[in-house]
Amino acid sequence: MSPRPGRAIPAPKGAGDAESGEDALAASLLLAWYDRHARTLPWRTGPKARARGERPDPYRVWLSEIMLQQTGVKAVAPYFHDFTARWPDFAALAAAPEAEIMAAWAGLGYYSRARNLVACARHVAGEHAGRLPESAAALAELPGIGPYTAAAIAAIAFGEPVPAVDGNVERVVTRLFAIDTPMPAGKADVREALRPLMPQSRPGEFTEALMDLGATICTPKRPACALCPLDAICAARARGEQGAFPVKAKKRARAKKFAAAFVALRPAGRGPAGSGPAARNGQILLSRRPPKGLLGGMAEIPNSDWVTEAVTGMPKPPLAAPWEKRGGEVTHIFTHIELRMTVWAAELPADAKAPPGFWWHDLSDLKGAGLPSLMLKVVEAALPGSSRGARLGG
DNA sequence: GAGCCGTGGAC
DNA sequence: TGTCCAAGGCT
């Protein structure tokens, strides 16, 4: 049960202990590698500027860390640019309407992050004069900031030598020390194994180095051990068992669910009648999901209850109209649900009123509607081509 | 501790 | 086609 079976002699943990020789070596090797191979990312301060004493903007570090929770760098980058351009600091973000921020987050997923982002920004702006607290312990009190994010911000933005264990670090460290405690319980072992490695001088860069190593060299499949700075001291590598770490439990199968979506359209209220298919210049009926739960707080295409059996007829629509099945079926995969939505559409008169809680939105500004990806798929199925310009992953 | 909570890319 | 996974947090 030792957290570090790969080490021959456990390091003493007494107060004031210097790093063990092996720990210091590992940290030194990793930082030297980072100096040559650090990824350049929009929210970072690179090794050269760091050496001049510069630190990254805590607001940008915080924003990036929230966006990067369970989300790849490639997906985050355009959202990060958009957010920092529109809201450059805590005060600006705190002053923005929540619906606007939710719409800007649309497509990035895990929408509770956006709600917590707003709550956190307002708390920091209101209670902390627009500045983040600097310790991991204090950061962890803020909404949307858990153990990992608190440690990452504290280390990267404020220089606190605390171990931040994300998926990358988990993989690197379980392999380095051959830690075989199954996740997520084993995360505590990873944290304790990492703690004595944390360099006092460059904890932020050390944290970034672990993540870069995990993202580019110590990958889940086919790790590039020949290029790894820790190759010679890696316990899993010595055994030839890199693929065995980290140990994880199997995931449950996804539940299948069925529903119907209702794409209600009305022509533009004024101006010349459009030539060709009038719908793309018209409006679409939207509603808002309950504040919590799946897609909580997001705009949506009106839709039926989600049930476990295939839908045969037409469920109750949001308003009376000549509904027709159009665009077949949309399949969308969530983390734990596979959803199949049949798409119904109807053209309404230009003066059709939106029922209470619903509103009409211009199809020419579909992106501004802030629809999550599932709902964009529904629109695309009903009106091919209409979502051009929206973020649809193509 | 375990389930819930998005999305898109890689293999 | 199915599976895993990505800088996790909340309940």
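## Helix α4 and its buried residues

In this predicted model, helix α4 has five named residues that are tucked away from the surface of the protein: V76, Y79, F80, F83 and T84 are buried. An α-helix has 3.6 residues a turn, so residues three or four places apart point the same way. What lies over the buried residues of α4 includes three other helices, namely α3 (58–67), α6 (98–105) and α7 (112–127).

How far apart are the end C-alpha atoms of helix α4? The helix runs over residues 73–86, and because each residue is expected to add 1.5 Å, its 14 residues should span 20 Å, which agrees with the 20 Å that separates the end C-alpha atoms.

## The surface near DNA strand C

Around DNA strand C there are 24 residues, of which E65, T149, D166, N168 and R171 come nearest. By class, this surface is made up of ten nonpolar, eight polar and six charged residues. If one looks at the strand instead, 65% of its atoms within 4 Å of the protein belong to sugar or phosphate, while the rest belong to bases.

Several contacts here join the protein backbone to phosphate oxygens of DNA strand C: a polar backbone atom of Q70 is 2.8 Å from one such oxygen, a polar backbone atom of G167 is 3.2 Å from a phosphate oxygen, and a backbone N or O atom of Y148 lies 3.3 Å from a phosphate oxygen. The elements that give two or more residues to the surface near DNA strand C are α9 (147–158) and α10 (167–177).

## The surface near DNA strand B

DNA strand B is surrounded by 21 residues, and the closest are Y111, L295, H332, T335 and H336. Which classes do the residues of this surface fall into? They divide into ten nonpolar, ten polar and one charged. Of the atoms of DNA strand B within 4 Å of the protein, 67% are part of sugar or phosphate, and the rest are part of bases.

The contacts with DNA strand B involve a base as well as phosphate oxygens. An N or O atom in the side chain of T71 is 2.8 Å from a base nitrogen of the strand, whereas an N or O atom in the side chain of R252 is 3.3 Å from a phosphate oxygen, and a backbone N or O atom of L294 lies 3.4 Å from a phosphate oxygen. The elements that give two or more residues to the surface near DNA strand B are the strand β4 (324–333) and the helix α14 (373–382).

Technical notes: Residues are numbered from 1 along each chain as its sequence is written. Chains are lettered from A and ligands numbered from 1 in the order in which they are written. This is a predicted model: local features need pLDDT of at least 70, side-chain atom pairs count only at pLDDT 80 or more; totals for chains, interfaces and linings use all residues. Side-chain values use heavy atoms; hydrogens and water are left out. A residue is near a molecule or strand if one of its heavy atoms lies within 4 Å of it. A polar contact is a pair of N or O atoms within 3.5 Å; within protein, one must be able to donate a hydrogen and the other to accept it, and residues adjacent in sequence count only if both atoms are side-chain atoms. Helices (H or I, at least four residues) and strands (E, at least two) are DSSP runs, numbered from the N terminus. Ala, Val, Leu, Ile, Met, Phe, Trp, Tyr, Cys and Pro count as nonpolar, Asp, Glu, Lys and Arg as charged, and the others, Gly among them, as polar. The expected span of a helix is 1.5 Å times one less than its number of residues. Buried means under 20% relative accessible area, exposed over 50%, partly exposed in between (1.4 Å probe, protein chains only). Contact means heavy atoms within 4.5 Å.
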